[in-house]
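Dear colleague,

I am passing on the structure we spoke about, and my notes on it follow directly below. Please read them with the coordinates open beside you.

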Amino acid sequence: MTRKDRTEGIYSRREVLDESERRQYYLIQLKDLLSYAARYSEDVKKRFDRTQFDVDKFKTLTDLKHIPILKKKELIFLQSMGPRLGGLLTKDVGELKRIFLSPGPIFDPEDRNDDYWGYTEAFYSVGFRPGDVVQITFNYHLAPAGLMFEEPLRNLGCAVVPAGPSDATTQLDIMQKLRVCGYVGTPSYLMHLAQKAEEKGFNPRKDLFLEVAFVTGEKLSEKMRNQMEKKFDVIVRQGYGTADVGCIGYECFHKCGLHIANRAFVEICHPDTGIPVKDGEVGEIVVTAFNKTYPLIRLATGDLSYIDRAPCACGRTSPRLGSIVGRVDTTARIKGIFVYPHQVEQVISRFEEIKRWQIEVTNPGGIDDMTLFIEAVGFKREDELLHQLREKIKLRPNLKVLEPGTLPQQIRPIEDRRIWD
Ligand SMILES: [Zn+2]
């Protein structure tokens with residue numbers, strides 16, 4: 001059977017706007033959203049009043065930074081503060097299509113308009129095409145994932161098997177009998193299916209018919225991607241989003257970061273101040289989806305990434321998020337400087353004699369102190385390591401070399417033991 005071309009084309013013209021068209025587009029969308037939300041969302045109105053943010057004075061994209069960021073933790077509290085999810089919604093709960101519940105607990109409203117979660121362009125970009133038979137292995141119960149990913153597939157003209165997280169034998173049986181060509185789920189579950197298939201004596205390349213996989217919800221390493229692509233002879237691409245706002249970004253065939261979805265404006269910000277950082281610098285992903293029903297303006301996702309504006313071979317012009325490098329809550333602010341575990345890891349990986357590491361932060365006498373523990377035998381490159389760390393993270397830790405096996409089995413990269421009165 002000949003395979004469809006899954007590498008070319010775009011879904012909507014918005015994906016290829018030139019630079020000035022794109023700026024204009026963002027400006028119009030944001031202006032429209034902010035004035036609507038200030039009028040119809042009680043919570044937004046309160047927040048704007050409190051910070052004296054005047055919608056009429058919103059003239060350029062950089063003006064957005066005057067609105068304080070909304071941390072996810074605040075949503076839990078806000079939603080319990082009365083009708084319309086604490087005044088966050090611009091309409092009554094009964095006018096919605098669905099209301100989901102995510103861990104937190106946080107309610108995730110879904111309105112009736114088409115492509116509410118905005119994943120259709122993402123699925124096209126990843127390689128889904130009309131006529132595909134697609135198996136969704138995400139949960140359909142309470143949480144939005146299952147139903148959220150049905151919508152784009154319906155829009156693209158695919159058939160869906162709403163499998164949910166059922167057992168591997170059933171999943172594989174369906175995949176084989178229906179010649180399923182598309183997978184939607186986590187990367188680890190696809191790996192699990194490959195293992196189960198092999199245990200049953202299947203050859204996933206020959207006995208199954210997968211051609212394209214949309215994975216999300218977990219970190220996808222390049223090693224894992226290569227393994228899955230080889231095992232199934234499938235294109236594996238990832239999407240990125242949250243249960244509150246839906247699609248934020250997605251990969252294209254060229255897998256060089258996540259194109260920012262055209263339904264949202266994304267900033268990379270300093271996690272404390274909410275002020276945007278320079279292009280290329282790591283910070284927290286702050287998203288404003290153009291959603292008038294549930295206007296979460298400047299929602300801080302807790303995920304860390306950076307912006308890449310280099311052109312992409314696919315022709316899409318939206319800026320890209322580099323990889324998601326970690327979570328804000330795994331970072332620590334030490335002597336006023338944010339230390340990110342991935343930056344430490346980048347340095348340590350150049351020293352193959354270091355087996356494991358951990359940073360401990362304390363504050364004897366109220367002054368921050370940082371110690372880097374490394375497990376290594378006969379470590380001789382102390383100066384070199386400390387120099388490279390200083391270059392990268394702008395701080396010089398104390399260094400303690402430990403025998404392999406000294407650090408506990410489960411460790412956090414940065415252990416914050418500071419005590420504040
Ligand atoms: Zn691209």
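The buried residues of helix H11 are covered by a set of elements that includes strand S18 (337–339), S19, S20, helix H12 (382–393) and S22. I should say at once that this is a predicted model. Six of the eight residues of H11 are buried, so that the helix is mostly covered, and the buried ones are Pro341, His342, Gln343, Val344, Val347 and Ile348.

Three of the covering strands belong to an open sheet of four strands, which has the order S21-S20-S19-S22 and mixed pairing. Its edge strands are S21 (398–402) and S22 (414–416), each of which pairs on one side only, and neighbouring strands are turned by 20° against each other on average, with direction ignored. H11 (residues 341–348) packs on this sheet, where it touches S19, S20 (369–375) and S22, and its direction makes about 135° with that of S19. Strand S19 (residues 356–362) and S22 run parallel and are joined by three bridges; within this pairing, Ile359 has Ile414 of S22 as its bridge partner.

A second open sheet has nine strands in the order S5-S4-S6-S7-S8-S9-S10-S15-S14, again with mixed pairing. Strand S5 (159–161) and S14 stand at its edges with a single partner strand each, so one side of each is left without a neighbour in the sheet. Helix H6 lies across S4 (133–136), S5, S6 (182–185), S7 (212–215), S8 (235–242) and S9 (246–250), and runs at about 165° to S4. Further along the order, S10 and S15 pair in the antiparallel sense over two bridges, with Leu321 in S15 as the bridge partner of Leu258.

Strand S10 also leads to the metal site. Which residues coordinate the zinc ion? The donors are Cys252 (SG), His259 (NE2), Cys312 (SG) and Cys314 (SG), at 2.1 to 2.3 Å, and in sequence these residues are spaced C-x6-H-x52-C-x1-C. His259 in S10 (residues 258–260) and Cys314 in the loop between S14 (307–308) and S15 (320–321) are 55 residues apart, so the pair links distant parts of the chain. The four donor atoms subtend angles of 101 to 113° around the ion, which makes the arrangement tetrahedral. For comparison, the ideal angle at a metal with four tetrahedral donors is 109.5 degrees. His259 counts as buried because its relative accessibility is 0%.

Another enclosed element is strand S12 (residues 283–289): seven of its seven residues are buried, and it is therefore largely enclosed by the rest of the structure. Strand S11 (residues 264–269) pairs with S12 in the antiparallel sense over six bridges, and here Ala264 stands opposite Ala289 of S12. S12 is also joined to S13 (residues 299–305), by four bridges and again antiparallel, with Val286 standing opposite Ala300 of S13.

Turning to the aromatic side chains, the count comes to 19 aromatic pairs. One of these is formed by Tyr11 and Tyr124, whose ring centres are 6.2 Å apart and whose planes lie at 45°, so the pair is tilted. Tyr11 lies in the segment before helix H1 (19–40) and Tyr124 in helix H5 (residues 120–126), so the pair ties together parts that are 113 residues apart in sequence. Tyr11 counts as partly exposed, at 38% relative accessibility, whereas Tyr124 is buried, with a relative accessible area of 17%.

Tyr119 and Phe149 form an edge-to-face pair, with 4.9 Å from centre to centre and 75° between the planes. This pair, too, links distant parts of the chain, since Tyr119 is in the loop between strand S3 (106–110) and H5 while Phe149 is in H6 (residues 145–156), 30 residues apart. Tyr119 counts as buried at 2% relative accessibility, as does Phe149 at 3%. Both rings are part of a cluster in which ring pairs link Tyr119, Phe123, Phe128, Phe138, Phe149 and Phe214.

With best regards

Key:
Residues numbered from 1 in each chain as written. Predicted model: local features only at pLDDT ≥ 70, side-chain atom pairs only at ≥ 80, totals over all residues. Heavy atoms only, no water. Pairing = 2+ DSSP bridges. Axes fitted to C-alpha atoms, helices over the stretch in contact; angles between N-to-C directions. Contact = heavy atoms within 4.5 Å. Donors = N, O, S within 2.8 Å, 3.2 Å for Na, K, Ca; no water. Tetrahedral: all angles 85-135°; square planar, octahedral: opposite > 155°, others 65-115°. Buried < 20%, exposed > 50% of the residue type's maximum accessible area, 1.4 Å probe, protein only. Phe/Tyr/Trp six-rings, centres within 6.5 Å; stacked < 30°, edge-to-face > 60°.
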